[in-house]
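User: I'm new to reading protein structures and would love some help. Could you take a close look at one part for me, the sheet and the pockets around it, and walk me through it?

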Amino acid sequence: MPINLNLPKKSGLFVTGTDTGVGKTLIAGAIAKILTDKGRNVGVFKPIATGCKHSWDGLISDDTEFLSYCANSDLSLSTITPVGYHTPAAPILSAACDGPAIDFDRIAAAYKDICQNSNIVIVEGIGGVRVPLTEEFDLLDLAVEFALPVVIVARPNLGTINHTLMTIDCVRATKLKIAGVVINGYKATESTTAEDTAPEVIAQCSGADILSVVPFDETVDIEEPNLGEFIVGSLMDCNWEKLAER
């Protein structure tokens, strides 16, 4: 059954990844921090989170707290992430294990609040673009509902060319605009030929822009929260406001 959320149209970016654990939250938060420091009123939104922790205020995701911190948001965490599950798995499985089913109306209502309180939005997905939310609706379908330019976060190591090119192909098949690719977690002192050349190969084979190669920073801590010493600086040269234009 098709899902039509009828979401408001806003300037912003949809941050996805080639896989889980590639640093989507870190990059989304850093972009939000850069724009916030420039005086923009940034709305951060992670519609669905799994692996949430129990608190007095319900189920809370570390990712949500990190995004809120980076954007200096005064909105509630339940608005920034309206759907959360304790079981750390793909949303379709987390919903089956924990219940209830994903409430897409709640997602739409929260996003409308986000848009009303911001002039630019940074939306972070969950897992990769083909992660299923229901049997017939995956993360890529959800990204289409937002209709925002897509930032793809990729890992630097062997295998990333294949994963990144497939992600680019999936996004392009929906006619969504690709803002570019961010390679995250590059270790220059330990890198191999595959890691050194992957960004160039991805750019050559896809035509997508490599926005930044972000170095690995051991001081980063999503739970603290701490953006680390190098992450923001490595993304400063990008014109995020221009990339966020629809």
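Analyst: Happy to! Let's begin with one term: two strands count as paired if DSSP finds at least two bridges between them. Keep in mind as well that this is a predicted model.

With that in hand, look at strand β2, which is joined to β7 (residues 120-128) by 4 bridges. These two strands run parallel. To see one of the links for yourself, find Val44: its bridge partner in β7 is Ile122.

Now step back to the whole sheet. It is an open sheet of 6 strands, and the pairing is parallel. Reading across, the order is β2-β7-β1-β8-β9-β10. At the edges sit β2 (42-45) and β10 (210-215), each of which pairs on one side only. From one strand to the next, the twist averages 20 degrees.

A helix belongs in this picture too. Helix α6, made of residues 139-146, lies across β1 (12-17), β2 and β7. Its direction is at about 170 degrees to β7. Because angles here run from 0 to 180 degrees between N-to-C directions, a value of about 170 degrees tells you that α6 and β7 point in nearly opposite directions.

Strand β7 also leads us to the largest pocket, since β7 gives the most to its lining, with 4 residues. At least two lining residues each come from α1 (24-37), α2 (62-70), β7 and β9 (178-186). So what does this pocket look like in numbers? Its volume is about 690 Å³, and 36 residues line it. Nearest its centre you will find Thr20, Gly21, Lys24, Thr25 and Asp63. Sorted by class, the lining has 16 nonpolar, 11 polar and 9 charged residues.

Finally, visit the second largest pocket, whose volume is about 290 Å³. Its lining is made of 22 residues, and Thr81, Pro82, Val83, Gly84 and Arg106 lie nearest its centre. Two or more lining residues come from each of β5 (58-60), α3 (77-80) and β6 (83-84). Among these elements, β5 provides the largest share, 3 residues. By class, this lining has 10 nonpolar, 8 polar and 4 charged residues.

To tie it together, follow β7 once more: β7 is bridged to β2, has α6 lying across it, and gives the most residues to the lining of the largest pocket.

Technical notes. Residues are numbered from 1 along each chain as its sequence is written. This is a predicted model: local features need pLDDT of at least 70, side-chain atom pairs count only at pLDDT 80 or more; totals for chains, interfaces and linings use all residues. Side-chain values use heavy atoms; hydrogens and water are left out. Contact means heavy atoms within 4.5 Å. On a 1 Å grid over the protein atoms alone, a cavity is a set of points where a 1.4 Å probe fits but cannot get out, and a pocket is an open set with protein on both sides within 12 Å along at least five of seven lines; lining residues have an atom within 4 Å of a point. Grid points are joined across faces, edges and corners, and a volume is the space filled by probe spheres set on the points. Ala, Val, Leu, Ile, Met, Phe, Trp, Tyr, Cys and Pro count as nonpolar, Asp, Glu, Lys and Arg as charged, and the others, Gly among them, as polar.
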